Each structure stands twice: as structure tokens, then as C-alpha cells.
Amino acid sequence: MPLVNARDMLTKAKAGHYAVGQFNINNLEWTKAILLTAQELNSPVILGVSEGAGKYMCGYKTVVGMVNGMLEELNITVPVALHLDHGSYEGALKCIEAGFSSVMFDGSHYPIEENVEKTKELVAICNEKGLSLEAEVGSIGGEEDGVIGAGECADPEECKKIADLGVTMLAAGIGNIHGKYPENWQGLSFETLDAVQKLTGAMPLVLHGGTGIPADMIKKAIDLGVSKINVNTECQLAFAEATRKYIEAGKDQQGKGFDPRKLLAPGFEAIKETVKEKMELFGSVNKA
Ligand code: 13P
């Protein structure tokens, strides 16, 4: 099945009280592992691409070519959206042009009026071209592509302002951060999430920083309207650990163990396992 935008899958998730996972991709192995797992579990899925990862993979057109090729060659029939993660205004335009089916415009670092203006322009473009659009209010903490966000709780009134522009889904900062959570992390602010959900109604809400959030908090966030959860670091950690074990066991020096198809296989399987665990936790299995 060709790429779809994320509107239908997230509307169904919000109504059905589960969440669709966004898993960020970095290369061919990542993409193949995520797509095959989604197909095996009959789950919808969103492939996330940060601007940095897009550059690493030789640009958005290369990414679109790779993903479209895999959808066909692997006979993927579950709904798949290809989504720009934390995009700039210019990045969003480039992805729309390149053939992505969904984009995020992260205007959270702009004053709210500027965030509103730029988001509004992108709503019009995405509507015309049939893409879904994610907006953000209240920055997500931690580091992503070298940018360190302090992590703040969004103002629910500002969330309503952005939601009312007609975006497809909204990321609201609720104390979540990218990467590993520090020992002294205060946890998610369910008070903020509850207030945002009350003001934004049916709007699917997005939880960034899915790595390391305890299962009970994930479930409560889904109860309070989260329908899309982003996971990146956890797949990277799983890949790195499995690859390290392979090398430390000297397997790259046995027979043809140096062949990248063998060397990258344990990491590939580790990504599949991580994605499976998350899809089960988020409740998206058999929701394709
Ligand atoms: P993690 O890297 O913490 O899983 O966060 C992913 C994310 O939110 C991508 O936007």
C-alpha cells in the first residue's frame, strides 16, 4: 500500500484509546525492521525522520525513494506514514515537495504569534496537498540534533489556539524530554495533559520522548488523549547493545562475520524487538 497521511490512523487511535508509534529511522536496516514489525503485528506505523537524519540519509528524496521501494518490495499492507520530525518551516516545505505524507512544524521556540502564523500557512499547504500536519506548543526537553530544549509545560490556552488552526495532531510539552530521563525526573504532568485535552477535544495529542517513560505513565497518557508516541533513543540503544555484544564475542572475526549483512543483523533484530514491545504497550497491534 502506498504511503498514507496520519489523519485516519490517529483519529481511529484517539477514538479507540490506543496510540500509534512513531519510530525514527536512520538507515535502511532501521526502516526495514520497523516496517516488517508493523506488518507482522498488523499495526499502523509512522516513520519519523529528523532533519539531521534526513541529511544523513542523503536528503529527503532518497528517504522517500527508499521507503516507497520497501513498501512495494516487502508487500507492506498496513498503513504507513512518512513524517518529518521537529521540522523547520523550510524543512517542512522540502519534505512536502519530496513526497513525505506528513510533516511536523516545530514552532515551539517562536513567540506564540509567530508559531500561529507559520503553522497557519502550513495548514493551508498540507490541506491542499493531502498531508497531515503536527504542531508543537511548549518545548520538549533534552537534546535532539544538537538542540537542547529545557522542557516546559505547554500553556493549554496556547494549545487550543494552535489546535483551532486545523492541524492534524498536536505535541504539547508536559515535562517529557528526548533521550534518557535523568534520575531526578519529575514525571509527566498529567494535570497539564488533562487541561490540554479538555480544551482541544478530539485533537489527537502527541507524546514525544517515548524512551524510558514507565508503562503506567504511558497508559495514563493514552487515557488522557495521547494517540501518537514518538520513540527514537530506545531503538538506538537496543541496536548499539546488540552490535556491541556481537563484536565483543569476536563474531566479526569468525568466518564471514565481518559481512555487514551479518554484522548488522543482531542490531536489526533488537530494533524489531523494541518496536514490538512498544506497539504492544501502545495498544496498536491488530489496529491496521
Ligand atoms: P526519544 O529519543 O526520547 O525516544 O524521543 C523521540 C522523539 O520524541 C522524536 O521526536
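Biologist: What makes the crossing of α2 and α4 right-handed?

Modeller: The near helix is turned clockwise from the far one by less than a right angle, so the crossing counts as right-handed; anticlockwise would be left-handed. That is the case for α2 and α4. This is a predicted model, where local features need pLDDT of at least 70, side-chain atom pairs count only at pLDDT 80 or more, and totals for chains, interfaces and linings use all residues. Residues are numbered from 1 along each chain as its sequence is written.

Biologist: Happy with that! Which residues make the contact of α2 with α4?

Modeller: L28, T31, K32 and L35 come from α2, and M66, V67 and M70 from α4. Contact requires C-beta atoms, placed from the backbone, within 7 Å.

Biologist: Why is K251 called partly exposed?

Modeller: K251 has 16 C-beta neighbours inside 10 Å, so it counts as partly exposed. A residue is buried with 20 or more other C-beta atoms within 10 Å of its own, exposed with 12 or fewer, and partly exposed in between. K251 lies in the loop between α10 and α11 (260-263). Helices here are DSSP runs (H or I, at least four residues), and strands are runs of E, at least two, numbered from the N terminus.

Biologist: And what does K251 touch, not counting residues up to four places away in sequence?

Modeller: Y246 and G257. The C-alpha atoms of K251 and L263 are 8.2 Å apart, with their positions twelve residues apart along the chain.

Biologist: Which residues touch the most other members of the largest nonpolar core?

Modeller: Those are I34, L47, V103 and L170, in a core of 75 residues.

How values were computed:
Contact = placed C-beta atoms within 7 Å. Core = buried A, V, L, I, M, F, W, Y, C linked by C-beta atoms within 7 Å.
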